[in-house]
Amino acid sequence: MCLGIPGRIIRIDDVGRKLATVDVSGVRRQINIACVVDAEHPVESCVGDWVLVHVGFAMSRIDEHEAAETLKILTELGEAQAEIEAMRASAVH
């Protein structure tokens, strides 16, 4: 399964190469923002934007509410996955 993880762009690292640093739940990493920039939304205007990040690329811009909801669902899925793994580990064979 391919997931886009919400993150907030906190700084532009390289305008020419369209590289920025994103914060994803406290984890910061450099990503490529080429997919979310255009003439109406240039690289320099991306600081503060919420984006969906997948394999090092910002795939789309989202609003803060959508980011929060997506993070909530992903957290719940993680908790569900942990519960399923615990059930599997304790299953009678």
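Student: Where along the chain is Ser25 placed?
Tutor: Ser25 belongs to the loop between β2 and β3 (27-32). Strands (E, at least two residues) and helices (H or I, at least four) are DSSP runs, numbered from the N terminus. Please keep in mind that this is a predicted model: local features need pLDDT of at least 70, side-chain atom pairs count only at pLDDT 80 or more, and totals for chains, interfaces and linings use all residues. Residues are numbered from 1 along each chain as its sequence is written, and side-chain values use heavy atoms, with hydrogens and water left out.

Student: Why is Ser25 called exposed?
Tutor: The relative accessible area of Ser25 is 59%. With a 1.4 Å probe and protein chains only, buried means under 20%, exposed means over 50%, and partly exposed is in between. Ser25, at 59%, is therefore exposed.

Student: What is the phi of Ser25?
Tutor: Ser25 is not a glycine, yet its phi is positive, at about 50°. Most residues other than glycine have a negative phi. Ser25 is part of the hairpin of β2 and β3, with 2 residues between the strands.

Student: What makes β2 and β3 a pair?
Tutor: Two strands pair if DSSP finds at least two bridges between them. β2 and β3 have 6 bridges, in the antiparallel sense, so they meet the definition. One position to look at is Thr21, which stands opposite Gln30 in β3.

Student: How do you know that β1 and β2 pair too?
Tutor: They share 5 bridges and are antiparallel. Asp14, for instance, has Leu19 in β2 as its bridge partner. These two strands form a hairpin with 4 residues between them, and Lys18 in the turn has a positive phi of about 60°.

Student: Why is Lys18 called partly exposed?
Tutor: Lys18 has a relative accessible area of 30%, and this value lies between the two limits, so "partly exposed" is the right label.

Student: Why is β2 described as largely enclosed?
Tutor: In β2, 6 of the 6 residues are buried, so the rest of the structure largely encloses it. Leu19, Thr21 and Asp23 are buried on one side, and Ala20, Val22 and Val24 are buried on the other. In a regular strand the side chains alternate between the two faces of the sheet.

Student: What makes a group of residues the largest nonpolar core here?
Tutor: A nonpolar core is a set of buried Ala, Val, Leu, Ile, Met, Phe, Trp, Tyr and Cys residues joined through side-chain atoms within 4.5 Å. The largest such set has 13 residues, with Ile31, Ile33 and Val51 making the most contacts inside it. β2 (19-24) and β4 (50-54) each supply at least two residues of this core, and the largest share, 3 residues, comes from β2.

Student: Which residues does Ile33 contact, leaving aside neighbours within four places in sequence?
Tutor: Contact means heavy atoms within 4.5 Å, and the partners of Ile33 are Ile9, Ile12, Lys18, Ala20, Val43, Cys46 and Ala58.

Student: Why is Met59 partly exposed rather than buried or exposed?
Tutor: Its relative accessible area is 43%, a value between the two limits, so Met59 is partly exposed. Met59 lies in strand β5 (residues 57-62).

Student: How many helices and strands does the protein chain have?
Tutor: There are 1 helix and 5 strands, in the order β-β-β-β-β-α from the N terminus on. Of the 93 residues of the chain, 28% count as buried.
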